[in-house]
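Here is a friendly walk through one protein model, with pockets, cores and a few individual residues along the way. Keep the viewer open as you read.

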Amino acid sequence: MAAKAGFRVPEMEKMSLEHLKALKEQTDLEIGLLQDSLNNIRTATSRLENASVALNDLSLRPQGKKMLVPLTASLYVPGKLDDADKVLVDVGTGYFVEGVLKTMAEGKDYCDRKINLLKSNYDQLIEVATKKKSIADEAGAVLQTKLKQIGAAT
């Protein structure tokens, strides 16, 4: 059974134990998935913030400056800064595009726009997760009350 934001205690009190258990399990599962999404958004935001800082650092370096270029998180190779005004954009799954952003300023602007979008999505997910948590808590409380009533009756 899918949890709906409109569920409240009076409607839940009319539900059977099985439906309440299913509602609680479903909302708990949805909360877990939302938490995973929130963690992914935090990770992506952090990476974009690091990229923005790196773009700023690169813009301050002179052309021809020797540096270590990261290939992976732990593997670097020696390189030389050719043109700090040209940037490559990682469009996902290991693909890079040159020329989409022609200047360092456009690269920083791109990062800032993506960060703002992710933060907006994060705020929306927090709101949904809070509602789901409230529903799960209410379902759990009603379930506990019903179980106590059944226990007292026997």
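## Helix α3, residue by residue

E138 is one of the residues of helix α3. This is a predicted model, so please read what follows with that in mind. With a relative accessible area of 17%, E138 is buried, because buried means under 20%. Along the chain, E138 and L20 are 118 residues apart, yet their C-alpha atoms are 9.9 Å apart in space.

K146 also belongs to helix α3. Its relative accessible area is 18%, so K146 counts as buried under the 20% cut-off too. L20 appears here again: K146 and L20 are separated by 126 residues in sequence and by 9.8 Å in space, C-alpha to C-alpha. Once neighbours within four places in sequence are set aside, the contacts of K146 are M12, E13, K14, M15, S16, L17 and L20.

Is D137, another residue in helix α3, buried or partly exposed? D137 has a relative accessible area of 41%, which lies between the 20% and 50% limits, so D137 is partly exposed. If you draw a line from D137 to A54, the two C-alpha atoms are 44 Å apart, with these positions 83 residues apart along the chain.

## The largest pocket

For anyone thinking about cavities and grids, the general idea is a familiar one. Rolling a probe the size of a water molecule over the atoms shows where empty space is left.

In this model the largest pocket has a volume of about 1,600 Å³. Its lining consists of 37 residues, and those nearest the pocket centre are A51, A54, P70, L88 and F96. By class, the lining contains 24 nonpolar, nine charged and four polar residues.

Which elements each supply at least two residues of this lining? They are the helices α2 (17-59) and α3 (104-153), together with the strands β1 (66-70), β2 (76-80), β3 (88-92) and β4 (95-98). Helix α2 provides the largest share of the lining, with ten residues.

## Nonpolar cores

In soluble globular proteins, nonpolar side chains tend to be buried together. Here the largest nonpolar core has eleven residues: I41, L48, L55, M67, L81, A84, V87, M104, C111, I115 and L118. Two elements, α2 and α3, give two or more residues to this core. The largest share, four residues, comes from α3. Apart from this core lies another one, of nine residues, including M15, L17, L20 and A139.

## A closer look at L81

L81, a member of the largest nonpolar core, sits in the loop between β2 and β3. Why does L81 count as buried? Its relative accessibility is 9%, which is under the 20% cut-off, so L81 falls in the buried class.

Leaving out residues up to four places away in sequence, L81 touches L58, R61, P62, Q63, G64, K65 and M67. One of these, M67, is listed in the largest nonpolar core as well. By contrast, E30 is 51 residues from L81 in sequence, and the C-alpha atoms of the two are 47 Å apart in space.

## How confident is the model?

Across the protein the mean pLDDT is 85, and 90% of the residues score at least 70. Confidence is highest in β2, at a mean of 92, and lowest in β3, at 69. That β3 value is worth keeping in view when you look at the largest pocket, since β3 supplies at least two residues of its lining.

Residues 1-5 have a pLDDT below 50, and beyond near neighbours in sequence this stretch has 15 contacts in the model.

Methods: Residues numbered from 1 in each chain as written. Predicted model: local features only at pLDDT ≥ 70, side-chain atom pairs only at ≥ 80, totals over all residues. Heavy atoms only, no water. 1 Å grid on protein atoms, 1.4 Å probe; cavity = no way out; pocket = protein on both sides within 12 Å on 5 of 7 lines; lining within 4 Å. Points joined across faces, edges and corners; volume = space filled by probe spheres on them. Nonpolar A, V, L, I, M, F, W, Y, C, P; charged D, E, K, R; others polar. Core = buried A, V, L, I, M, F, W, Y, C linked by side-chain atoms within 4.5 Å. Buried < 20%, exposed > 50% of the residue type's maximum accessible area, 1.4 Å probe, protein only. Contact = heavy atoms within 4.5 Å. pLDDT = per-residue confidence, 0-100.
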